[in-house]
Amino acid sequence: MKNYKQILTEASLGRFYQQLVGDENNESKAIAILTASRAANSSAINNARNADLRRVLRQFIAPTLKTEHKVGFYKVVGTYAETQADGTSKRVKEDSTVVVIPPIPTLVERFKHICMVLGAKFEQDSIFFAEKG
């Protein structure tokens, strides 16, 4: 028998998948995965940086969208081979934010740009951005 967390997780994954690939009535959407975490920072600092990242993303997106469009934010945990100051690589576990946005061409281009700017601001080695096409 499934417990509450398993059902909630499956429902969240189902909603994420639906938002990403679309359905017969909706086009697939653009997706970005970003974090503000750095291995050298404490957990408290990384949490504050990620909260700031999500705040900036919301400030950018909110005025751009009409009320009929929705943006999905998902908190996820992932791993990444982070480049250290001395040039070595270290595998780190970090909190990230997945953002799914509507396929509005002008929004997608602006969002892609802001993701790159935020990646640089938060000293990230890379960001993930994908769109249909």
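Okay, one term before I start: when I say polar contact, I mean a pair of N or O atoms within 3.5 Å, where, inside a protein, one has to be able to donate a hydrogen and the other to accept it. Keep that in mind for Q124, where the backbone oxygen of F122 sits 2.8 Å from a polar atom of the Q124 side chain. And a caveat right away: this is a predicted model.

Let me give you the overall layout, and then I'll come back to that glutamine. We have three helices and four strands in the chain, and going along the sequence the order is α-β-α-β-β-α-β. Out of 133 residues, 33% count as buried. As for how the chain comes together, take the contacts between residues at least 6 apart in sequence: 61% of those join residues at least 24 apart.

Here's one example of two distant stretches meeting. V76 is in strand β2, residues 72-83, and its C-alpha is 6.0 Å from the C-alpha of T97, even though the two are 21 residues apart along the chain. Setting aside residues up to four places away in sequence, V76 touches E94, D95, S96 and V98. V76 itself is partly exposed, at 32% relative accessible area.

Now the helices, starting with α2, which is residues 43-61. Its 19 residues should span 27 Å at 1.5 Å a residue, and the end C-alpha atoms are indeed 27 Å apart, so that agrees. Buried in α2 you'll find N46, R49, N50, L53, R54, V56, L57, F60 and I61. Looking down the axis, those buried residues fall within an arc of 160 degrees, so they line one face of the helix. On the face turned away from that buried side, α2 carries the exposed residues A44 and Q59.

Next, α3, residues 105-121. Same check here: 17 residues should span 24 Å, and the end C-alpha atoms are 24 Å apart, which agrees. The buried set in α3 is L107, V108, F111, I114, C115, L118 and G119. Down the axis they fit within an arc of 140 degrees, so again they line one face. That spacing is what you'd look for, because an α-helix has 3.6 residues a turn, so residues three or four places apart point the same way. Turned away from the buried side of α3 are the exposed residues P105, T106 and A120.

So what sits over that buried face? The cover includes β1, α2, β3 and β4. That takes us to the largest nonpolar core, which has 19 residues; L53, L57, I101, F111, L118 and F129 touch the most other members. The elements giving two or more residues to this core are β1, α2, β3 and α3, and α3 has the largest share, with six.

Two of those names, F111 and F129, deserve a closer look. The count of aromatic pairs comes to one, and F111 with F129 is that pair: tilted, 6.0 Å centre to centre, with 45 degrees between the planes. It links distant parts of the chain, since F111 is in helix α3 and F129 is in strand β4, 18 residues apart. Both F111 and F129 are buried. Beyond its neighbours within four places in sequence, F129 is in contact with A30, I31, A32, V108, F111, K112 and C115.

Last stop, the loop between α3 and β4. Just after α3 comes E123, with a positive phi of about 55 degrees, and this is not a glycine. For context, most residues other than glycine have a negative phi. How accessible is E123? Its relative accessibility is 48%, and because that is not over the 50% cut-off for exposed, E123 counts as partly exposed.

And back to Q124, in that loop too. Is Q124 buried or exposed? Its relative accessible area is 15%, and because that is under the 20% cut-off, Q124 is buried. Its side chain has that polar atom 2.8 Å from the backbone oxygen of F122, and the backbone oxygen of S37 lies 3.0 Å from a polar atom of the Q124 side chain as well. Leaving out residues up to four places away in sequence, Q124 touches T35, A36, S37, R38, R49 and G119. Two of those contacts we met earlier: R49 is on the buried list for α2, and G119 is on the one for α3.

Note on methods:
Residues are numbered from 1 along each chain as its sequence is written. This is a predicted model: local features need pLDDT of at least 70, side-chain atom pairs count only at pLDDT 80 or more; totals for chains, interfaces and linings use all residues. Side-chain values use heavy atoms; hydrogens and water are left out. Buried means under 20% relative accessible area, exposed over 50%, partly exposed in between (1.4 Å probe, protein chains only). Contact means heavy atoms within 4.5 Å. The expected span of a helix is 1.5 Å times one less than its number of residues. The arc is that of the directions from the helix axis to the C-beta atoms. A nonpolar core is a set of buried Ala, Val, Leu, Ile, Met, Phe, Trp, Tyr and Cys residues joined through side-chain atoms within 4.5 Å. Rings of Phe, Tyr and Trp (its six-membered ring) pair if their centres lie within 6.5 Å; planes under 30 degrees apart count as stacked, over 60 as edge-to-face and the rest as tilted.
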